[in-house]
Amino acid sequence: MSAQKDRWISSLVFLLLCACSIPRSGSTGLQQEQSPQQYFSALEAGKASLAFFTPSVSPGAQPFLEQIESSAEALQDYGISVVKVNCPREDVSRYCGKENALRKAFLFRGNRLIREFPTDALFDVNSIVANVLFALLFNEVKYVETLADLENTENVLKGKSNMVFAYVPATGTAEHRAVMEAAFVYGTIHQFVLTTEVALLKATSHDDPDVSSAQLLFCHCQQATEPSQPCRRTALGQPLTLLNIHRHLKLMGAPLVTEIAEDPEKVSTVHLQLGLPLVFILSQRETYEADRRTAEFVAWQLLGKAGVALLSRDLVDLNVLHRSNVALKTPQEGMPIQYLVLEDTDEVITLVEDKNKVKQIQEDEQQEEEEEDEDEKENNNQDIQDDQVLEAVSRDKKRELPLEQILVLTEENFHSSLSEAARTVVLFYASWEAVSLAVLRSYSEVAAHLKGTPGVLLSRVNCWDWPGLCSQENVTQFPAIRIYREGQRPVTYDGMWGTEELSSFILLSRVPCPLKLATMEEAEGYLRGEFPSELPSHPHTSLLGVFSTATNQAREAFEEAGNILSGHVRMGMYFEDDALALSRKYSVSPPALLLARGGGQSMEGIALSKYSTQDMVQMIRYELLDIFPEITVSNLPQYLQLGKPFLILFSAGDISQMESKEMLKLAKGRPQQAFVACWLNLKKTPVGHGILRTYFSTMPSLPVLLWVNLHAGGQVFKFPSEQSITEMNILSWLEKLQAGLEIPSSTLSEEDWKPPLPAYDFLQMMEPPVPELSPHTSSHPGDTPAQRPPKSPGGDPAGGDSAIREEPSQQSTAQEGGSPGRGLRGTAPRLSARDKQGKRHSEL
Amino acid sequence: LGLALYAGSLCAVSGAAFLYHDYCVIGAGPAGLQVAYFLQQAGRDYVVFERSHAPGSFFALYPRHRKLISINKQYTGKSNSEFNLRHDWNSLLSHDRRLLFRRYSRDFFPSADTMVRYLEDFASLLKLRVQYNTAIIHVTLEKNEEAWNGHYFLLTDQDRKNYKCSSLLVAAGTWVPNVVNFPGSEYVEGYETVSINPEDFAGQTVLILGRGNSAFETAENILGVTNFIHMVSRSRVRLSWATHYVGDLRAINNGLLDTYQLKSLDGLLEGDLEDLAIVKDKKGKLHITLRFYLEDRNISAGIDSITLPQDELDNFATRAPYDRVIRCLGWKFDFSIYNRSLRIMPGKGNIKKYPQIKPSYESRGTRGLFVLGTASHSVDFRKSAGGFIHGFRYTTRAVHRLLENRHHGVPWPSTVYPITQLTNSIIKRVNEASGLYQMFSVLADIILLRENATAFEYLEEYPVGVLAELEMQTGRKAHNGLFVIIMEYGRNFSGADKDVFYYNRAVGEAQHAWQSNFLHPVIYYYKRLPTEREMRLRPPDWPLPRPDAIHHIVEDFLTDWTAPNAHILPLRRFLENCLSTDLRNFFAESCFLFAFTHQKQPPFCQQGYVRMQGLVGSQELRHHAVQAGLLQDYTHTDFSGDRPPDSRDGSQDQLMRDHAIPVRPLQHLINAKDE
């Protein structure tokens, strides 16, 4: 970016140099002090010079002289020399003689006086340059006062040349200077028109303009061949500086639409050189006319913001999707061209404008950062909390939590309390720790939720108060939630720290896992979700292990698995004599699992073949996953663990039955799917908007089906929106995708998670790094040999330690005042410096 | 291995008249009992020898006026037992909650008799193996290649009974009174025998030699009944509240300073006791003179022939005769019982009363001999609390851990945590750990990083002086960098001549934390373990070599370092930058977004959410986070893609990019103040 800027700054300088008559070698000094005779005799025809006459002693005009001196260099660029002429005391000629002439500056071209300026019009460099150029460019820059004048000028120019119309609030300003300097260069190409009339500004702009800031419009009059046709106008959207004007005029001078017939990667246009993006409209022979019209339309919209090129697919062999119709090339080097499928021209425009916006923000930020860097390195928001959990908890700390339902346990009452209820849930937390406190808030909601549930006691232990108790219970990290039952090992909660998840865990934990069912009725009731009554009727899946008496090994593994899954899964177990009857009814042979989904609406039987607990747990977890789940914040991790890519349908609300049916077909189609087919309800999981926003610069129309390679490569592919979501369409799309025929719309960031902000560099503050010095060899001018009795290092092993321990303290006193940042403690500068610091305890 | 060695050594000594133990401890004072407790807990073969019939014989006699100056705080407003040990200077460490000193005395400065009773209970309740009435009078070495340290320690008691040990732990304290010899020193009474009845001093003029707590304690006792008291010592008075060293003069004993500075006849003088001489006149009054006046003269010739300073200098300060001269010069280690082969040498300079030891508390002369308790104070003399119960109870534990590793293959105890717990584990320790607090700049917590910094190992209270030997001493590996957590006073803040009450002495802002004066936690980060050479050549005044990065947690008036913005945030930034990672906490919703938009997850999400332990957070909390601009609220997003100009679109991006976090108005105020 900055390289590009440099490039066009240098081209501008070059331009200026060409346009100006280069100052002659005679005028080496910018300002010669001459006598009037010398001055007038040296004037060359056609060469402009600004002269001012001053008596040898000039007490009053000093500040003016300084400004003149500093503008001399600027004016020299335009071939105007600045001359200070000393008036001899006896001189009474035209310029030296009159008292008021000494308060003026005179502009000559050759011998001819063009203008005389009162010194109060030349108050600074800007005003000097602006006024001098204004006087010299009298023909090139028209000054208009009325709308009629402006329209007349426009009409004259129509079909011939373009016009640059500038409004400046006052003459002699920096903006005025910029316009004049631009006119110096471009005055022969475009007609420049200048005004200071607010009425004119208002007449030429659409909305209410800010009259205090200068405006510049480029009027495309050359193209207006008919007298009735108005000149199109393009405003310069940036502040009036010479660079911005130059850039704007360069852009206006560029062809509206460039036709490209070469590799777009190699194309370079004015726009790209000036740091603006280039939009390609991909065209074909058949649609050339329409494409050309589109391109021109877009080009007018984007004039000054981006370039537009028409890229013929017939002439260039593009390895891109056939559907792609637009491409975007950004000025950053090495950035590949983005090929897009856009539906209308507005999308093209938003695409560019948003990019610009983003860029603008980034530039601003960069600038801010640079400024901050210059200001003060340390002070870049390091002391502002950027941990969302910590900040949220500290903002919430004044709210009193409803913790009455939760028993406070201490070292004294811990063991006695555990025996009071059948089940005691204990939250181990630390009262200073944010995550703990966040969980405590959810826990208090659980307590309200479970109020009155028999057999469950909710309690908490603050490990900051009772560290001994926590370490005795082997709690090394907080928060931790355990469920204690008399005579049994406590169960540690390992699920989401959410109110719902925790409540359901506690409720489920009330029944044994697996639950031993005694009769067929119980087993049937259990599968329907009606038994046992302690459990709330549960729309989710129930699991029943059916074992014959001969299948002990499987049963033990199942029971062990139950211990592990306790609280998370409804697990029942039936191993009565008539287990065969049950298994026959569902046509499985024991050992087997029966899965009842949706409260017994669908039943599935699975034969058990692996008897290791670990396999069993894994298998049960896998079986409990839905085939076409709705992804939510709390269930995503379960599906993430499968390590498969996601085929995910983002929907604004519930998905339609058709979509659901097709997706389900797709998901069921192959039992060992290589991907997770799922959907996301943006109403229920609004953070999905954040995902889409990261993937796409513009929000795609919903529902949108995406293929996300979460685990490998991170590419995101978008299912073509014009196709309907059917199993067939998706499958063929997936095939193309697998064959590498599709282009990803986005790629997940590969970035590492680095520290968000730097830390305080105390090491630097304490002592700048010094080469390793031995306390025995370093010498200070103030040290006398007597202060440090020489000791051979290691020569006296017995005394070595004490020697080292004593010597540093001597050194530190010797160093006081010597090294910066240290040893100044207690001295006056140190104390006064510290006075400026903020809060202090001793002041409280 | 220990067992095998044990069995082997039993065989080797069978037949000889030696009773063998792996560990012999000399002295059943606080340090001896403390190490006995740890040895017993570890199931080691040990014995403690005590010359008296009961533990803590030093306390049975001293302090003479029976008031301990170690504080015994009943209330701290906290129930945290570890924290409360910071303000309990008398208890020994044990698992038994009955053995807390505050259960023995309600006095803030308890009586020494209570200490004796406490130590008796400690030995008996914990069933420590103490052999009373056994005075070890000689210790020598027996070379043996099979022994743990290449030699056995042979101990002989007063009844010529012999004992043989693999490791000798000397917890004998410093109990030999310091004596100065000058002409007339026979008239001087010692602190150990002087009367403690003020009546005996009524109307007398007293000179006290020495300027420690025992001298002031003695003066305090008789201040009200004497004519006046003068106190002579070589060095100026060192006030413990100025030096932050508990061994210096404590405010509880400084009544004499008060009366001196308020012109009430009492006074302090500086002078070298070696130059003194005392002569007794016919009335029994004691006159101070200088040693060189006595040269070539016979004192027995009578007082009249002796020149007194006032004869030449008629305003000589101590020209008034004294009724009594009392010596209160402290104690030194009993070097006499150790054979020359053990090379137990006194230290140099002001630590000559202590035997020379390494920072690991092992003797410099003999491997396998460790010095514990008060006698080990040379490591931190006039710096930390290693000479006092509230300090050496921790260094003793550290020595025991070193021994467990060296002789029994039990590595230093440690806990492994995931990296997300890094900030928490440090905050927890600096807020409650008492060993770090009492033994500031001597004991340090060590965090050893695991590969890729995904986890770390936490070691408590390691002697920082032997940091270079960490791997060998602890049996833990430090290949991937380490943090050292230590507590420090501000450099140059403490000192006998320092004004510790100057205005603006306290630093309040985290960014100036390195200038903190009061005790505060400091964290050193090393990419690799410092070498011994680096330890030796460390910058003057630094407890450790120059680290790769350092962090000071700003001093706190309440020593409560849990403030989210002033304490935890800067610490997290420091840790993040050392490890080059992001240690922030995230709600599950953020992790969900990251899972779909980033190929890598921040550690908190990786170790929590992805493992189904996401922090869902209550509605209120998420609302607060949204308001803080740290969480994006997507619920009101419309689908048109037109974003309202005032929407907080950027905030999630901010969270990810970490730019432009909204500046709160307060911040401006602070910044403006600074500039």
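This is a short walk through a two-chain predicted model, one selection at a time.

**Before you click**

Residues are numbered from 1 along each chain as its sequence is written, and chains are lettered from A, with ligands numbered from 1, in the order in which they are written. Because the model is predicted, local features need pLDDT of at least 70 and side-chain atom pairs count only at pLDDT 80 or more, while totals for chains, interfaces and linings use all residues; side-chain values use heavy atoms, with hydrogens and water left out.

**Stop 1: chain A as a whole**

Select chain A and switch on the cartoon. You should find 28 helices and 30 strands. Both are DSSP runs numbered from the N terminus: helices are H or I with at least four residues, strands are E with at least two. Of the 844 residues here, 49% are buried. Buried means under 20% relative accessible area, exposed means over 50%, and partly exposed is in between, using a 1.4 Å probe and protein chains only.

Now the contacts, meaning heavy atoms within 4.5 Å. Among the chain A contacts with a separation of 6 or more, 71% are between residues 24 or more positions apart. Turn on the surface as well: chain A exposes about 41100 Å², and carbon and sulfur atoms supply 51% of that. Areas come from the Shrake-Rupley method with a 1.4 Å probe, and for residues only the protein chains shown count as cover.

**Stop 2: two cis peptide bonds in chain A**

Most residues other than glycine have a negative phi, and most peptide bonds are trans. Zoom to F478(A) and P479(A), which are joined by a cis peptide bond with omega about 0°. P479(A) sits in the loop between α16 (467-472) and β19 (480-485) of chain A.

Next, pick C513(A) and P514(A). The peptide bond from C513(A) to P514(A) is cis too, with omega near 0°. Look for P514(A) in the loop between α17 (499-508) and β21 (515-516) of chain A.

**Stop 3: a negative patch**

Stay on chain A and select E521(A), E576(A), D577(A) and D578(A), which form a negative surface patch. A patch is made of residues with over 30% relative accessible area and no salt bridge; like charges are joined within 9 Å, and nonpolar side chains (Val, Leu, Ile, Met, Phe, Trp, Tyr) within 5 Å. Asp and Glu count as negative and Lys and Arg as positive, while His and the chain ends are not counted. The place of a charge is taken as NZ of Lys, CZ of Arg, CG of Asp or CD of Glu.

Centre on D578(A), in the loop between β23 (570-574) and α20 (579-585) of chain A. D578(A) is partly exposed, with a relative accessible area of 32%.

**Stop 4: a salt bridge in chain A**

Side chains of opposite charge can pair when their charged atoms come close. A salt bridge here is a side-chain nitrogen of Lys or Arg within 4 Å of a carboxyl oxygen of Asp or Glu, and the count over all chains is 41.

Show the side chains of E259(A) and R292(A): they form a salt bridge whose closest N and O atoms are 2.5 Å apart. The two are 33 residues apart, with E259(A) in strand β11 (residues 257-260) and R292(A) in helix α11 (residues 288-302) of chain A. E259(A) is partly exposed, at 44% relative accessible area.

**Stop 5: over to chain B**

Hide chain A and select chain B, with its 21 helices and 22 strands. Of its 675 residues, 61% count as buried. Residues 24 or more positions apart make 65% of the chain B contacts with a separation of 6 or more. The chain exposes about 26900 Å², with 51% of it from carbon and sulfur atoms.

**Stop 6: salt bridges in chain B**

Select E460(B) and R429(B), whose side chains meet in a salt bridge at 3.4 Å, N to O. E460(B) is in strand β19 (residues 455-463) and R429(B) in helix α12 (residues 422-432) of chain B, so the pair ties together parts 31 residues apart in sequence. Buried or exposed: which word fits R429(B)? R429(B) is buried, at 6% relative accessible area, whereas E460(B) is partly exposed at 31%.

Now try E457(B) and R450(B), another salt bridge, at 3.8 Å from N to O. E457(B) counts as buried at 6% relative accessibility, and R450(B) as partly exposed at 36%. Then select R397(B), R429(B), D445(B), E460(B) and E461(B) together: salt bridges with shared partners join them into one network.

**Stop 7: two positive phi values**

Finish with R160(B), a residue other than glycine with phi near 60°. R160(B) lies in the loop between β5 (151-157) and β6 (162-170) of chain B and is exposed, at 62% relative accessibility. A453(B), also not a glycine, has a positive phi of about 55°. Find A453(B) in the loop between β18 (443-449) and β19 of chain B; at 18% relative accessibility, A453(B) counts as buried.
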